[in-house]
Amino acid sequence: MEPQSKMKSKFIYALAIVINVLFLTGCQTTVLDQEDLPIEPLHAVYAIDMADEQAVVKQADYVFVAKVKTRGEVEYDEENFPSTVYQVDILHNLKGKLKREEKIIKSGGISREGDKLMLFEHDRLPQKEKLYLFIAYKQTDGGVLVSGANSTLAIEASNNATIKDDKTYQLYDKAVRKTGIH
């Protein structure tokens with residue numbers, strides 16, 4: 001092969017690589033974080049008044065404050081409703097006894113199509129490194145399910161020592177004490 005022909009081949013080869021890289025990066029879809037997705041609120045009918053803290057804690061198996069460590073996989077039931085797995089550090093058990101580190105299943109999450117968040121009305125998905133008061137239910141397989149309106153409530157505290165100063169904590173702590181079930 002002639003030197004000029006070799007150079008031309010190398011140039012065409014390099015150009016082909018550049019075009020492929022540009023094509024492949026241009027074809028990638030951007031994965032949105034869950035906070036960027038629109039929310040599809042789902043209506044549910046409850047047997048109790050979910051705004052009545054005492055009724056809620058009486059029905060629940062667990063009431064606890066935890067810091068969210070990680071958000072894991074999303075699982076889908078037979079009707080394609082999502083549930084999101086979280087790893088949390090339990091800071092205060094108000095009702096029931098959970099170990100320090102716990103995996104919880106939160107009803108709701110990113111739809112199977114990845115285009116929206118599916119959540120019950122008056123509910124939220126927790127964010128990593130934030131504190132929440134969780135209302136939860138023991139599952140037959142031993143899992144911990146957090147589900148429904150007002151089941152995940154933000155706690156405004158800068159550290160473990162100031163959690164008890166939070167109004168939401170105080171409200172639910174009082175409700176748990178009134179039920180007499182700890």
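This report walks through the fold, one small sheet, the salt bridges, the aromatic pairs and one buried serine of a predicted model.

**Overall picture**

Let's start with the whole chain. The protein has 182 residues, and 37% of them count as buried. It carries three helices and nine strands, laid out along the sequence as α-β-α-β-β-β-β-β-β-β-β-α. If you're after contact order, here's a handy number: take the contacts between residues at least 6 apart in sequence, and 60% of those join residues at least 24 apart. The accessible surface is about 11,400 Å², with carbon and sulfur atoms making up 53% of that.

**A three-stranded sheet**

One open sheet is built from three strands in the order β1-β6-β5, with mixed pairing. β1 (39-42) and β5 (109-110) sit at the edges with a single partner strand each, so one side of each has no neighbour in the sheet. As for the pairing between β1 and β6 (residues 117-120), those two run in the parallel sense over four bridges. If you want a spot to look at in the viewer, I39 stands opposite L117 in β6.

**Salt bridges**

The count of salt bridges comes to five. Here are three of them, with the distance between N and O atoms.

| Pair | N to O distance |
|---|---|
| E40 and K116 | 2.7 Å |
| K67 and E129 | 3.3 Å |
| K69 and E129 | 3.6 Å |

The E40 and K116 salt bridge links distant parts of the chain: E40 belongs to strand β1 and K116 to the loop between β5 and β6, 76 residues apart. Neither end is tucked away fully: E40 is partly exposed with a relative accessible area of 25%, and K116 is partly exposed at 25% too.

The other two rows of the table meet at E129. K67 and E129 form a salt bridge; because K67 lies in strand β2 and E129 in the loop between β6 and β7 (131-138), this pair ties together parts 62 residues apart in sequence. K69 also makes a salt bridge with E129, and since K69 lies in strand β2 as well, that pair spans 60 residues in sequence. Through the shared partner, K67, K69 and E129 become one network. What about exposure? K67 is partly exposed at 28% relative accessibility, K69 is partly exposed at 27%, and E129 is partly exposed at 41%.

**Aromatic pairs**

There are three aromatic pairs in the structure. In one of them, the rings of F81 and F120 have their centres 5.4 Å apart and their planes at 40°, so the pair counts as tilted. F81 sits in the loop between β2 (62-76) and β3 (82-95) while F120 is in strand β6, so the pair ties together parts 39 residues apart in sequence. Both F81 and F120 are buried. Elsewhere, ring pairs join F64, Y132 and F134 into a cluster.

**A buried serine**

Finally, S147, in the loop between β8 (144-146) and β9 (152-154). Is S147 buried or exposed? Its relative accessibility is 18%, so S147 counts as buried, the cut-off being under 20%. The side chain of S147 makes a polar contact of 2.9 Å with the side chain of S107. Leaving aside residues up to four places away in sequence, S147 touches S107, F120, I135 and Y137. F120 is also the ring partner of F81.

Terms used:
Residues are numbered from 1 along each chain as its sequence is written. This is a predicted model: local features need pLDDT of at least 70, side-chain atom pairs count only at pLDDT 80 or more; totals for chains, interfaces and linings use all residues. Side-chain values use heavy atoms; hydrogens and water are left out. Buried means under 20% relative accessible area, exposed over 50%, partly exposed in between (1.4 Å probe, protein chains only). A polar contact is a pair of N or O atoms within 3.5 Å; within protein, one must be able to donate a hydrogen and the other to accept it, and residues adjacent in sequence count only if both atoms are side-chain atoms. Contact means heavy atoms within 4.5 Å. Two strands pair if DSSP finds at least two bridges between them. Accessible areas come from the Shrake-Rupley method with a 1.4 Å probe; for residues, only the protein chains shown count as cover. Rings of Phe, Tyr and Trp (its six-membered ring) pair if their centres lie within 6.5 Å; planes under 30 degrees apart count as stacked, over 60 as edge-to-face and the rest as tilted. A salt bridge is a side-chain nitrogen of Lys or Arg within 4 Å of a carboxyl oxygen of Asp or Glu.
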